[in-house]
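Student: I should like a close look at a single part of this protein. Please take me through the annotated domain and the residues that mark its C-terminal end.

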Amino acid sequence: MKRRNFVKKTTLGSLAGILGMDIVYGSKIPENYTLLGFQDPDPFQLFNKDKEMVVLNSKPWNMEAVAHLLDDKVTPNKYMFVRNNGLVPENINSKEWTLTIDGESVKEEKTFTLEELKSKFEHHTYQLTVECGGNGRSEFDPPAKGNQWTIGAVACATWTGVRLKDVLKEAGIKDDAVYIGYHAVDQHLSRDPSKKPISRGVPMSKALQDETLLAFKMNGEDIPLVHGYPLRLVCGGWPASTSGKWVNRISIRNIVHDGEKMTGTSYKVPCHPVAPGEKVKEEDMCIIESMPVKSLITYPKSGAILPSGKKLNIRGHAWAGELNVSKVSYSIDFGATWSDCVLEKPVNRLAWQHFKASISFPKTGYYEVWARATDSNGVSQPMLLPGWNPKGYLNNACHRIAVKVA
Ligand SMILES: Nc1nc2c(c(=O)[nH]1)N[C@H]1C(S)=C(S)[C@@H](COP(=O)(O)O)O[C@H]1N2
Ligand SMILES: [Mo]
């Protein structure tokens with residue numbers, strides 16, 4: 001990080017120290033030149049991520065988990081997926097960080113320092129499911145452009161912060177408020193300051209929920225830089241793009257927020273089902289709100305080998321956006337028949353729920369275990385794929401693992 005300034009400000013001697021050897025022609029390095037040794041950072045080291053995480057893109061950085069890494073009930077930082085639309089900010093000074101509440105529908109524009117936010121408002125901790133709207137995109141046919149997420153752009157960490165509603169109420173909300181929009185300090189990939197990578201938001205009803213946080217801690221520690229240090233909006237159960245990282249301004253809007261990636265076709269799906277590959281007019285696209293019901297088998301890894309006559313214990317998590325999960329079932333016959341899993345209650349609203357099952361197989365051979373969750377409205381996951389949509393959002397198909405009984 002900060003490589004460009006870094007080479008300038010650091011003496012040759014300390015550079016050599018970091019490299020662990022002498023830079024033989026060090027005095028000849030052209031000004032502003034970045035040594036190759038500092039150009040290609042190891043993303044796992046850079047973001048403190050486990051080596052089994054999968055990098056999908058380096059410009060901007062995007063990285064996902066694989067199913068078995070998400071086995072913990074609370075997702076550890078090293079397994080939380082990374083999704084950036086622009087550049088990860090550098091040189092953040094949390095002591096000088098402020099949050100401004102403004103917009104057409106604020107009664108009185110207010111600015112809080114981070115310390116004021118922390119001391120003025122009550123702290124709350126919730127475990128919140130955060131899933132990228134494009135998770136599962138890689139399965140759609142015809143394919144959709146964008147990061148080809150498989151299943152790993154989801155996490156359920158513990159977030160601590162103050163309630164957005166408490167802060168908004170302190171500034172005052174006018175009667176005509178309909179939406180909030182976040183603004184953050186990350187730069188556009190072009191580094192053009194007139195362009196913003198992302199500025200999304202949620203309707204007032206979501207903004208005012210108890211669980212909607214302005215968070216300063218993730219899993220009990222300062223939020224890691226890549227996940228939004230020092231202040232992040234967290235809107236559990238909604239597309240993670242609504243959970244703004246590095247937030248320094250929240251606007252209370254009298255219109256649907258029209259920031260970057262709120263307009264056009266971003267984070268929108270056809271309001272009514274369409275045929276795969278069909279062109280959809282912009283006015284027929286609707287903004288994604290609550291995420292659909294979904295589940296993940298996190299143990300065992302796909303490809304498990306089970307001795308004949310033994311039972312297989314599976315486990316995983318299920319979530320359903322704003323709703324609870326009422327049932328998780330499994331099938332070992334490609335969806336022909338289903339049996340119930342044992343399902344736990346969520347620790348709080350908007351947290352994923354854990355399931356497990358102990359499965360017997362009739363004889364040796366190749367099997368697949370499919371898991372299917374049902375939400376509290378009675379809606380179940382589609383077995384193979386949900387309806388196609390142009391941008392490849394909301395793939396909540398059943399997760400499947402292969403098992404060989406030998
Ligand atoms: N400021 C800012 N906030 C952001 C983003 C971003 O690029 N910049 N990406 C959004 C998207 S699309 C997702 S999926 C989540 C990813 O959060 P994570 O990187 O902490 O997993 O952050 C959201 N908040
Ligand atoms: Mo996302």
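Tutor: What follows describes that domain, with attention to one buried residue and one surface patch. The model is a predicted one. The UniProt record, an unreviewed entry, places the feature "domain: Moybdenum cofactor oxidoreductase dimerisation" at residues 287-405. Over residues 287-405 the chain is 45% strand and 0% helix, and the C-alpha atoms at the two ends of this stretch are 45 Å apart.

Two of its strands, β23 (365-375) and β24 (399-405), are joined by a loop in which Leu 385 lies. Together with Met 383 and Leu 384, Leu 385 makes a nonpolar surface patch of about 240 Å². Leu 385 has a relative accessibility of 35% and therefore counts as partly exposed, since that class runs between 20% and 50% relative accessible area.

His 399 belongs to strand β24. The relative accessibility of His 399 is 11%, so this residue counts as buried; the cut-off for that class is under 20%.

Which residues does His 399 contact, leaving aside its neighbours within four places in sequence? Val 369, Trp 370 and Ala 371 are among them, as are Ser 295, Leu 296 and Ile 297. Gln 381 is also in contact with His 399, and the list is completed by Ala 67 and Ile 151. In summary, the domain stretch contains strand but 0% helix, His 399 in β24 is buried, and Leu 385, in the loop before that strand, is partly exposed.

How values were computed:
Residues are numbered from 1 along each chain as its sequence is written. Chains are lettered from A and ligands numbered from 1 in the order in which they are written. This is a predicted model: local features need pLDDT of at least 70, side-chain atom pairs count only at pLDDT 80 or more; totals for chains, interfaces and linings use all residues. Side-chain values use heavy atoms; hydrogens and water are left out. Patches are made of residues with over 30% relative accessible area and no salt bridge: like charges are joined within 9 Å, nonpolar side chains (Val, Leu, Ile, Met, Phe, Trp, Tyr) within 5 Å. Accessible areas come from the Shrake-Rupley method with a 1.4 Å probe; for residues, only the protein chains shown count as cover. A salt bridge is a side-chain nitrogen of Lys or Arg within 4 Å of a carboxyl oxygen of Asp or Glu. Helices (H or I, at least four residues) and strands (E, at least two) are DSSP runs, numbered from the N terminus. Buried means under 20% relative accessible area, exposed over 50%, partly exposed in between (1.4 Å probe, protein chains only). UniProt positions are given in the numbering used here, feature names are shortened, and annotations may be inferred rather than shown by experiment. Contact means heavy atoms within 4.5 Å.
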